[in-house]
Amino acid sequence: MFVLKDVCFSADGNQILKQITLSINHGEIFVIMGLSGAGKSTILRLLNGLIRPDSGLILVDGTDISKATEKELGPIRRKVGMVFQSSALFDSLTVAENVGFAWRNDRISKSELAQKVKEALALVRLADVESKMPAELSGGMKKRVGLARAIAMQPQAILYDEPTSGLDPMTSNTILSLIRDLNERLQVTSVVVTHDLEGAFKIADRVALLHEGEIIFVGTAAEMEQAQIPLVKSFLTGGQGEQGGY
Ligand SMILES: Nc1ncnc2c1ncn2[C@@H]1O[C@H](COP(=O)(O)OP(=O)(O)O)[C@@H](O)[C@H]1O
Ligand SMILES: [Mg+2]
């Protein structure tokens, strides 16, 4: 679904991603882990065409988007849904308007739109919240609405940036099982960025560890636990200390 080849990205003179090479398979849950500032969110923004690399190739379902124009990126962005860390809901729009946002320019009847919104909300196990405002929702519900908005456009892949950050352990678990459930039911490819080691291991088919803009490990969770790479070991034991340890 995604191929990155020798991808470099810099901003303000800092090299944020260094020669990233990575393949993410159709239908898998691929988790990208790493400390805060490692470059995880930057990878998601590249996969979605929100930013462009300085060099290297980025293939989305076989199409190179590394030099695509804004117009060429339109169809790509429809294939790739994004769930932002902050949920990024529009505070002045209702839940239904948020979830239906992808169709705002489409010719679609009101009842058809309401049906699509309802279906997307049902998939994240929410009902009767269409007329609520984001401010009336709990943190976990906001995340679900963000998720419903992403799946509403029937993407082939969903990118999740820190889907469990700021949630209590029980709500985090619910969101993680929802990610797994949606991956299977919608047959999508899921790319999940997180620094939550336990959560990552629960849902990942494969895991990558990013360290200061470089991929230092790719494999299954079991392979990661066996890896004889000092930086991987210290990440797993929380030896790096940042964000209160792992
Ligand atoms: N547009 C940008 N301009 C300047 N610095 C940026 C930009 N985007 C990201 N960075 C920097 O790149 C590094 C990686 O950022 P990010 O991808 O958000 O890391 P992560 O998601 O792993 O915490 C950070 O040091 C961040 O400050
Ligand atoms: Mg981030």
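1. A word on terms before we start: two strands are taken to pair if DSSP finds at least two bridges between them. Please keep in mind that this is a predicted model. With that in hand, the sheet is easy to describe: it is open, built from six strands in the order E6-E7-E8-E3-E9-E10, and its pairing is mixed. Strand E6 (80–83) and strand E10 (214–219) each have a single partner strand and stand at the edges, so one side of each has no neighbour in the sheet. On average, and ignoring direction, neighbouring strands here are turned by 15° against each other.

2. You may like to look at one edge in detail. Strand E9 (residues 206–211) runs antiparallel to E10, and five bridges join the two. Histidine 211 has glutamate 214 of E10 standing opposite.

3. Two helices that pack on the sheet deserve a look. Helix H1 (residues 40–47) touches strand E3 (29–33), E6, strand E7 (157–161), strand E8 (189–194) and E9, and its direction makes about 155° with that of E8. Helix H6 (residues 169–185) touches E3, E7 and E8, with an angle of about 160° between its direction and that of E8.

4. Helix H1 turns up again at ligand 1, where it supplies three residues, the largest share of the shell. The residues around this ligand are Ala11, Asp12, Ile16, Gly34, Ser36, Gly37, Ala38, Gly39, Lys40, Ser41 and Thr42. Sorted by class, the shell has six polar, three nonpolar and two charged residues.

5. Now for the chain as a whole. Its secondary structure comes to nine helices and ten strands. The radius of gyration is 18 Å, close to the 18 Å that the globule rule gives for 246 residues, so the chain is as compact as a globular protein of that length. Along the principal axes, the C-alpha atoms fill a box of roughly 55 × 40 × 35 Å. Buried residues make up 37% of the 246. Of the contacts between residues at least 6 apart in sequence, 65% join residues at least 24 apart.

6. Finally, a single residue to visit: alanine 68, in the loop between strand E5 (63–64) and helix H2 (70–79). Is alanine 68 buried or exposed? The answer lies in between: alanine 68 has 17 other C-beta atoms within 10 Å, so it counts as partly exposed, since a buried residue would need 20 or more and an exposed one 12 or fewer. Leaving aside residues up to four places away in sequence, alanine 68 touches Gly49, Leu73 and Ile76. Its C-alpha atom is separated by 28 Å from that of leucine 209, 141 residues apart along the chain.

Conventions:
Residues are numbered from 1 along each chain as its sequence is written. Chains are lettered from A and ligands numbered from 1 in the order in which they are written. This is a predicted model: local features need pLDDT of at least 70, side-chain atom pairs count only at pLDDT 80 or more; totals for chains, interfaces and linings use all residues. Helices (H or I, at least four residues) and strands (E, at least two) are DSSP runs, numbered from the N terminus. Axes are lines fitted to C-alpha atoms, for helices over the stretch in contact, and angles run from 0 to 180 degrees between N-to-C directions. Two residues are in contact if their C-beta atoms, placed from the backbone, lie within 7 Å. A residue is near a molecule or strand if its C-beta atom, placed from the backbone, lies within 6 Å of it. Ala, Val, Leu, Ile, Met, Phe, Trp, Tyr, Cys and Pro count as nonpolar, Asp, Glu, Lys and Arg as charged, and the others, Gly among them, as polar. The radius of gyration is taken over C-alpha atoms; the globule rule is 2.2 Å times the number of residues to the power 0.38.
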